[in-house]
Amino acid sequence: MKIACIVGARPNFMKIAPLLEAMSEYPDLDPILVHTGQHYDYEMSQIFFEDLDIPEPDIYLRVGSGSHAVQTGKIMMAFEEVVMEHKSDLVMVVGDVNSTLACTLVGAKLLIPVAHVEAGIRSFDRTMPEEINRILTDAVSDYLFTPTKEANDNLKKEGIPEEKIFLVGDVMIDTLLKYKEEALSSDILNELDLKKHSYALMTLHRPFNVDVKANLVSILNAVMEIQRRTKIIFPTHPRTKARVEEFGLSDMISSMENLVMIEPLGYLRFMGLMVNSKFVLTDSGGMQTETAVLDIPCLTMRENTERNETTQAGTNTLVGNNTQLIVEESMKILDGNGKTGSYPEIWDGRAAQRIAETLSV
Ligand code: UD1
């Protein structure tokens, strides 16, 4: 079975790594790796290949940045040629980025089966581009590999036949568990002169939070308060960096002595910061899950989540971009009253193996 495996953006790389490894154990599975080029900076892409031992992509499409329509359209045009030439028997997509949807549409229209890894998660917020990508990808996929029971239920409610749905766990957690020990001993703490559990780790990149000046200011006002009590390490996404400059907020940022803005980091150094942090402030999807597994309190700067298990049973709390709420919940954690929790049993590091086993004849 010739499988075209798709990656494009940063959150795809840690998901494809365990899948390629697991599939290599099955001689009837013959994957090639296609990188769309949605993300292209060294820190947003190449470094993950090095950190996670992902083989060089067989095909690199170099689509780059653009509006949703431009990016999705360019990927579709370029990827259609690839599958025709490669004569793929299956297209495998992960996550919910534009590359995921674009390649799914190409496969579905050419009647090539599509496998979606991380299927069924829903925020029920269609203002998020990722939610649109999830719904459409799942609607036309043939294998829907889900991380939780709740994801199965979501798909059934959308009318997806049960025989297409496979509860396998979370491939991102496969990667986390594999590299956790290595991350714990990463020398990023020495580099930044940090002590374990003495700082918060922050990431911020959702268009809703960073492209709207009032929302970004509201978050930065909270950060201003929190950094008076603890150091905050802030690896900054290129989108956020651009907005900070555009909105004239650079002076506000540099006035915060305990806010340490750094370049985006690769997987191992970033994980080094996460596993040793006191708490996490983020609007990322994946970090909500990772912190739940690591039992680290996470404050998610969004109004909703597609990962409800992390707020219900796990360490995650939704705080939106409300200054007061972000500060209050951060102080609770700093006062020693952070959430602890559990996570689904099936997040056991074997999701990719279950997927490979299902696809193998
Ligand atoms: C994308 C995903 C989002 C994911 C995020 C992780 C979609 C719709 N969104 O958002 O789900 O959480 O990746 O990073 O697919 N840029 C660079 N260098 C790069 C890549 C991007 O400078 O290597 C800048 C460009 O100015 C670009 C902007 O970042 O216009 C946004 O990139 P884009 O891929 O459109 O979306 P993300 O915000 O990264």
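**Stop 1: the second largest cavity**

Let's begin with the second largest cavity, which has a volume of about 30 Å³. Keep in mind as you explore that this is a predicted model. To find the spot, select Val 117, Glu 118, Phe 145, Pro 147, Gly 169, Asp 170 and Val 171, the residues that line the second largest cavity. Try colouring them by class: you should get four nonpolar, one polar and two charged residues.

**Stop 2: the largest cavity**

How many cavities of 30 Å³ or more are there? The count comes to two, so to speak a short list to visit. Now move to the largest cavity, which holds about 40 Å³ of space. Select Glu 118, Ile 121, Pro 147, Thr 148 and Asp 170, then add Glu 306, Arg 307, Glu 309 and Trp 347, and you have its lining. By class, the lining of the largest cavity divides into three nonpolar, one polar and five charged residues. Glu 118 may look familiar: it lines the largest cavity and also appears in the lining of the second largest cavity.

**Stop 3: the largest pocket**

Next, turn to the largest pocket, with a volume of about 1200 Å³. Its lining is made of 49 residues, and those closest to its centre are Pro 11, His 39, Met 44, His 205 and His 237. Select these five residues to centre your view. Then show the helices α1, α3, α5, α11, α13 (267-275) and α14 (286-294), each of which gives two or more residues to the lining of the largest pocket. Colouring the lining by class gives 19 nonpolar, 17 polar and 13 charged residues.

**Stop 4: the ligand**

What takes up space in the largest pocket? Show the ligand and you will see that the space it takes is the largest pocket. The elements that give two or more residues to the shell around the ligand are α1 (10-23), α3 (68-86), α5 (129-140) and α11 (238-246). In total, 18 residues surround the ligand, and the closest are Gln 38, His 39, Asn 98, Glu 130 and Arg 239. Sorted by class, the shell contains six nonpolar, eight polar and four charged residues.

**Stop 5: three contacts to zoom in on**

Start with His 39, where an N or O atom of the side chain is 2.8 Å from an oxygen atom of the ligand. Then select Asp 41: one of its polar side-chain atoms lies 2.9 Å from a nitrogen atom of the ligand. Finish with Glu 130, which has a polar side-chain atom 2.5 Å from an oxygen atom of the ligand. Now zoom out to take in the whole ligand: taken alone, it exposes 750 Å², and the protein buries 84% of that.

How values were computed. Residues numbered from 1 in each chain as written. Predicted model: local features only at pLDDT ≥ 70, side-chain atom pairs only at ≥ 80, totals over all residues. Heavy atoms only, no water. Near = heavy atom within 4 Å. Polar contact = N/O pair within 3.5 Å; in protein donor to acceptor, adjacent residues only side chain to side chain. Areas by Shrake-Rupley, 256 points an atom, 1.4 Å probe, with all protein chains shown as cover. 1 Å grid on protein atoms, 1.4 Å probe; cavity = no way out; pocket = protein on both sides within 12 Å on 5 of 7 lines; lining within 4 Å. Sits in = over half its atoms within 2 Å of the grid points. Helix = DSSP H or I, 4+ residues; strand = E, 2+ residues; numbered from the N terminus. Nonpolar A, V, L, I, M, F, W, Y, C, P; charged D, E, K, R; others polar. Points joined across faces, edges and corners; volume = space filled by probe spheres on them.
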